[in-house]
Amino acid sequence: MARKAFLIDMSRCIACRSCQVACKQWNKLEPEATVNRGTYENPPQLTPQLYNQIQFIEQDKDNEVRWLFMNQRCMHCGDAGCIKVCPSAGALYHTPEGMVAFNQDKCIECHYCVNGCPFDVPRYDQKKKVTKCHACMDRIANGLAPACVKACPTQTLRFGDRDALIAEAKASGKKIYGEEDLKGLGAVYILEDAPETYQLPAKPAIPASIFLWKDVIKPLGILGFWGAMGAALLHYVTFGPKKLDEFGRRHDDDLNHPEKGA
């Protein structure tokens, strides 16, 4: 199956937050009490009950106010740090479409995924289980667009074949964020400014400690274990088992310590 992805063109966003509302409605996420902090941004960040959020970025440039909007959500990385660091198989996984989904029944509440994500996305709910955007996996498995995409009135959010969406964006001369990072993000952005302006890392990467453990130390450890097992098996097949004489001594003891056999 061809990999799917979101194409999110922030130049089209009008901050109506239809995506937030549709996501909450489809995924039956509870409303949350918030406090007016002098901004239209509400809530101020992702929560266990908010899988995607519109950030309001206000800038004062040359005595003019500039507004930028950012749709924060799971990036559905091809090389997902959350999956890589998770010790419970199947708690976080890639769907056939390439999205990163979760299974709370397999979550062991370790919070490792929080540290493994370079975008600070995973949250834990009241049951102490991982939760985040799963791209409405129940909808896309049935050929439907995610709820946020369906509700977006400006086509800021689109969902479909990843290669085709990127090719279309490039053909229009727009710069893509996330095309190659972490083996390609499943949420690819068109931005009007540098990634850092949108509080995105310019070069997102899995934390070095996780990379070293999962991609270097652990594979070497496994290779060393099976290498030792293979060497022991080869020695057994080649020379056979150790044999003891009637006094319980190994035969090679006589070779190494001939005085014992005297």
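Student: Which strands do the buried residues of H6 pack against?

Tutor: Keep in mind that this is a predicted model. H6 covers residues 162–171 and lies across the sheet strands, running at about 125° to S8. Its buried residues pack against S1, S8, S9 and S10.

Student: And which residues of H6 are buried?

Tutor: Buried here means under 20% relative accessible area. The ones in H6 cover an arc of only 95° around the axis, so they sit on the same side of the helix. On the other side, Asp163 and Ala171 are exposed. The buried set is Arg162, Leu165, Ile166 and Ala169.

Student: What caps the N-terminal end of H6?

Tutor: Look for a side-chain oxygen that lies 3.2 Å from the backbone nitrogen of aspartate 163. That oxygen belongs to aspartate 161.

Student: Which residue just after H6 takes a positive phi?

Tutor: Go just past the end of the helix, which spans residues 162–171. The phi there is about 85°, and the residue is glycine 173.

Student: Back to the sheet: which strands stand at the edges?

Tutor: The sheet is open, with four strands in the order S8-S1-S10-S9 and mixed pairing. An edge strand has a single partner strand, so one side of it is left without a neighbour in the sheet. That describes S8 (157–161) and S9 (176–177).

Student: Which residue in S10 stands opposite tyrosine 177?

Tutor: S9 and S10 run antiparallel, joined by two bridges, with S10 covering residues 187–190. Opposite tyrosine 177 you'll find tyrosine 189.

Methods. Residues are numbered from 1 along each chain as its sequence is written. This is a predicted model: local features need pLDDT of at least 70, side-chain atom pairs count only at pLDDT 80 or more; totals for chains, interfaces and linings use all residues. Side-chain values use heavy atoms; hydrogens and water are left out. Two strands pair if DSSP finds at least two bridges between them. Contact means heavy atoms within 4.5 Å. Axes are lines fitted to C-alpha atoms, for helices over the stretch in contact, and angles run from 0 to 180 degrees between N-to-C directions. Buried means under 20% relative accessible area, exposed over 50%, partly exposed in between (1.4 Å probe, protein chains only). The arc is that of the directions from the helix axis to the C-beta atoms. A polar contact is a pair of N or O atoms within 3.5 Å; within protein, one must be able to donate a hydrogen and the other to accept it, and residues adjacent in sequence count only if both atoms are side-chain atoms.
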